[in-house]
Amino acid sequence: MTTMTRQAETHSRRAVSAILIGCAMMFVILELGVTALAALLDQTWAALIVTAIMVLVAVLFERQAFKHSAAEGLRAIGFGRPNPRAVLVAAIIGFVILAFFPIFSLITGTHISLKPNWLWILAGAIALNGIGEETLFRGYVFGGLCREAGMSFRQAGFISMVIFAAVHLLLFVGNPFFVGFLGTLIAVSAAFPMAYLFERGNDTIWAPAVLHVATHAIRLVDISESHYLIAVAFWLLLQMGMVFLVFLFLNSLLKPQSAEQG
């Protein structure tokens with residue numbers, strides 16, 4: 001083994017360790033921070049504040065571990081200029097997901113309406129689920145493993161999938177079993193489609209964030225209690241199928257720019 005190879009392997013191991021440590025710390029900030037602040041403020045204010053803190057911590061980790069400036073750190077965790085095509089794909093799939101509500105209402109006859117404060121709830125979902133979680137799992141973990149640890153797309157995607165699924169095991173706490181089970185399956189199924197949106201979106205979080213927020217749209221509506229649990233069950237099942245629609249666009253709107261130039 002050459003000296004250069006040993007140095008590369010040492011750098012890769014150090015990068016992985018730094019990424020995993022940073023991921024653990026930032027996840028604690030997200031989970032415990034939102035829980036603690038929600039007891040003092042409403043859920044959306046908690047999400048906005050905690051997400052801002054977590055992004056700041058991510059930039060500091062990028063500076064400490066990988067010697068990036070603040071601007072470089074923001075770009076590294078996915079805050080760059082996106083590929084509009086990737087955002088368009090996420091929006092298309094998001095609209096397909098939202099079609100669930102009128103279809104479910106038509107089939108079951110139940111009344112579904114937007115909550116009075118749905119815009120404020122949406123702001124919280126954009127902050128926490130869109131920006132916060134995508135910064136952590138796609139920008140910092142997946143992107144960092146590819147960029148700093150030199151891992152392939154599949155290697156980084158698999159590790160981020162395991163982490164993403166593991167944290168969703170918390171859904172088993174305080175929720176019916178089927179909610180925790182389906183939520184964890186969604187995390188597993190969404191890992192690679194979201195990673196593609198991140199990579200083909202110029203290594204930015206914006207496309208996966210759009211789709212991630214769409215998967216939480218059920219929080220914005222009121223559904224009659226008699227149909228609520230069955231709506232949640234079908235909604236979760238729908239998410240597992242919808243994320244795979246990303247693969248339909250890989251050779252068209254999501255074609256790598258290098259392939260287009262070639």
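**Exercise 1.** Is Val246 buried or exposed, going by its relative accessibility? Work it out for this predicted model, then place the residue in its surroundings.

*Solution.* Start with the location: Val246 sits in the loop between α10 (225–242) and α11 (257–261). Next, check the number. Its relative accessibility is 0%, so Val246 counts as buried, the cut-off being under 20%. Now look for who's around it. Leaving out residues up to four places away in sequence, Val246 touches Ile93, Pro193, Tyr196, Leu197, Leu211 and Leu254. Take Pro193 from that list: the C-alpha atoms of Val246 and Pro193 are 5.8 Å apart, although 53 residues separate the two in sequence.

**Exercise 2.** Describe how helices α7 and α8 cross, and say which classes of residue make up their contact.

*Solution.* Grab the geometry to begin with. The axes of α7 (residues 153–167) and α8 (residues 177–200) come within 9 Å and cross at roughly 140°. That makes α7 oblique to α8, because only angles over 145 degrees count as roughly antiparallel. As for handedness, the crossing is right-handed. Then go through the contact: α7 brings residues including Phe153, Phe158, Met161 and Phe164, while α8 brings, among them, Val188, Phe192 and Tyr196. Sorted by class, the contact has eleven nonpolar, two polar and two charged residues.

**Exercise 3.** Find the side chain that Asn129 pairs with in a polar contact.

*Solution.* Asn129 belongs to helix α6 (residues 118–147), and with 4% relative accessibility it counts as buried. Its contacts beyond four places in sequence are Gly124, Glu134, His212, His216 and Arg219. The partner is Arg219, whose side chain makes a polar contact of 2.7 Å with that of Asn129.

Definitions and conventions:
Residues numbered from 1 in each chain as written. Predicted model: local features only at pLDDT ≥ 70, side-chain atom pairs only at ≥ 80, totals over all residues. Heavy atoms only, no water. Axes fitted to C-alpha atoms, helices over the stretch in contact; angles between N-to-C directions. Helix = DSSP H or I, 4+ residues; strand = E, 2+ residues; numbered from the N terminus. Parallel < 35°, antiparallel > 145°, perpendicular 65-115°, else oblique. Left-handed = near helix turned anticlockwise from the far one by under 90°. Contact = heavy atoms within 4.5 Å. Nonpolar A, V, L, I, M, F, W, Y, C, P; charged D, E, K, R; others polar. Buried < 20%, exposed > 50% of the residue type's maximum accessible area, 1.4 Å probe, protein only. Polar contact = N/O pair within 3.5 Å; in protein donor to acceptor, adjacent residues only side chain to side chain.
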